[in-house]
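Here is a walk through a single structure, taken one region at a time. Have the sequence and the 3D view handy, and follow along as we go.

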Amino acid sequence: LQHLAAHRYRFWDAGDPAAPPAPYAKGVSVRMDGRTIAQGQEAVRRYFQETIARRPANLRHVTVIENLDLLTPDLALADSFVRIEQEQPGGSRRVLGEFRTPTIAVREDGKWRF
């Protein structure tokens, strides 16, 4: 599960909308501020690809998984703290935003997916 989470942010940090996305479960959805942003594998892939294509240069996610609970053998809940940083002249980084994100992962066909 740690590897799955790391893969998701490497994809985002690559800044390439054509990069392979994270593996999403059949019933995947993205919710923000209590509303559904994208529902289903293709809609979620498209959402992240469009978001990556619009993002400013030199951004990265810094994600710390603070808690990982295995709820059942095939269902896990990860609570993460995320900072979005932008590289500044001289190599320092400025924090543009911080947020917490709960993520549910399921094991489908023997593989963990978001």
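Which residue in β5 does R83 stand opposite? Look across to E98, and you have found it. Keep in mind throughout that this is a predicted model.

That pair is a good way into the sheet. R83 faces E98 in β5, and the strands β4 and β5 (residues 93–108) pair in the antiparallel sense over 13 bridges. Another spot to check is Q86, whose bridge partner in β5 is R94. Follow the chain round from β4 to β5 and you pass through a hairpin with five residues between the two strands. In that turn sits G90, with a positive phi of about 90 degrees.

Now zoom out to the whole sheet. Four strands make it up, in the order β3-β4-β5-β6, with antiparallel pairing, and the sheet is open. At the edges are β3 (59–72) and β6 (111–113); each has a single partner strand, so one side of each is left without a neighbour in the sheet. On average, neighbouring strands here are turned by 25 degrees against each other, direction ignored.

Stay at the β6 edge for a moment. β5 and β6 run antiparallel and are joined by three bridges, and here V106 stands opposite R113 in β6. The hairpin these two strands form has two residues between them. D109 belongs to the loop between β5 and β6, and its positive phi of about 55 degrees comes although it is not a glycine. Is D109 buried or exposed? Its relative accessibility is 69%, and over 50% is the cut-off, so D109 counts as exposed.

There is another hairpin to visit, made by β1 and β2. Strand β1 (residues 29–32) and strand β2 (residues 35–39) run antiparallel, joined by four bridges. Two residues lie between the strands, and in this hairpin D33 takes a positive phi near 50 degrees. S29 stands opposite Q39 in β2. Q39 is worth a second look: leaving aside neighbours within four places in sequence, Q39 is in contact with G27, V28, S29 and V44. Its C-alpha atom is 9.7 Å from that of K26, with the two positions 13 residues apart along the chain.

One of those contacts, V28, lies in the loop between α1 and β1. Although it sits in a loop, V28 is buried, with a relative accessible area of 7%. What surrounds V28? Beyond its neighbours within four places in sequence, V28 is in contact with A38, Q39, G40, Q41, V44 and F114. R113 is 85 residues away from V28 along the chain, yet their C-alpha atoms are separated by 8.9 Å.

V44 came up in the contacts of both Q39 and V28, so let's turn to its helix, α2. Helix α2 (residues 41–54) has 14 residues, which at 1.5 Å a residue should span 20 Å; the C-alpha atoms at its ends are 20 Å apart, which agrees. Which residues of α2 are buried? They are V44, Y47, F48, T51 and I52. If you look down the axis of α2, these buried residues fall within an arc of 125 degrees, so they line one face of the helix. Turned away from that buried side is a face carrying the exposed residues E42, A53 and R54.

That brings us to the inside. In soluble globular proteins, nonpolar side chains tend to be buried together. Here the largest nonpolar core has 18 residues, and Y24, V44 and F48 touch the most other members. At least two residues of this core come from each of α1 (2–14), α2 and β4 (75–87). The largest share, four residues, is supplied by α2. Y24 touches Q41, V44, R45, F48, R113 and F114, not counting residues up to four places away in sequence.

Finish on the outside, with helix α1, where H3 lies. H3 has a relative accessibility of 59%, so it counts as exposed. H61 is 58 residues from H3 along the chain, and the C-alpha atoms of the two are separated by 15 Å.

Key. Residues are numbered from 1 along each chain as its sequence is written. This is a predicted model: local features need pLDDT of at least 70, side-chain atom pairs count only at pLDDT 80 or more; totals for chains, interfaces and linings use all residues. Side-chain values use heavy atoms; hydrogens and water are left out. The expected span of a helix is 1.5 Å times one less than its number of residues. Buried means under 20% relative accessible area, exposed over 50%, partly exposed in between (1.4 Å probe, protein chains only). The arc is that of the directions from the helix axis to the C-beta atoms. A nonpolar core is a set of buried Ala, Val, Leu, Ile, Met, Phe, Trp, Tyr and Cys residues joined through side-chain atoms within 4.5 Å. Contact means heavy atoms within 4.5 Å. Two strands pair if DSSP finds at least two bridges between them. Axes are lines fitted to C-alpha atoms, for helices over the stretch in contact, and angles run from 0 to 180 degrees between N-to-C directions.
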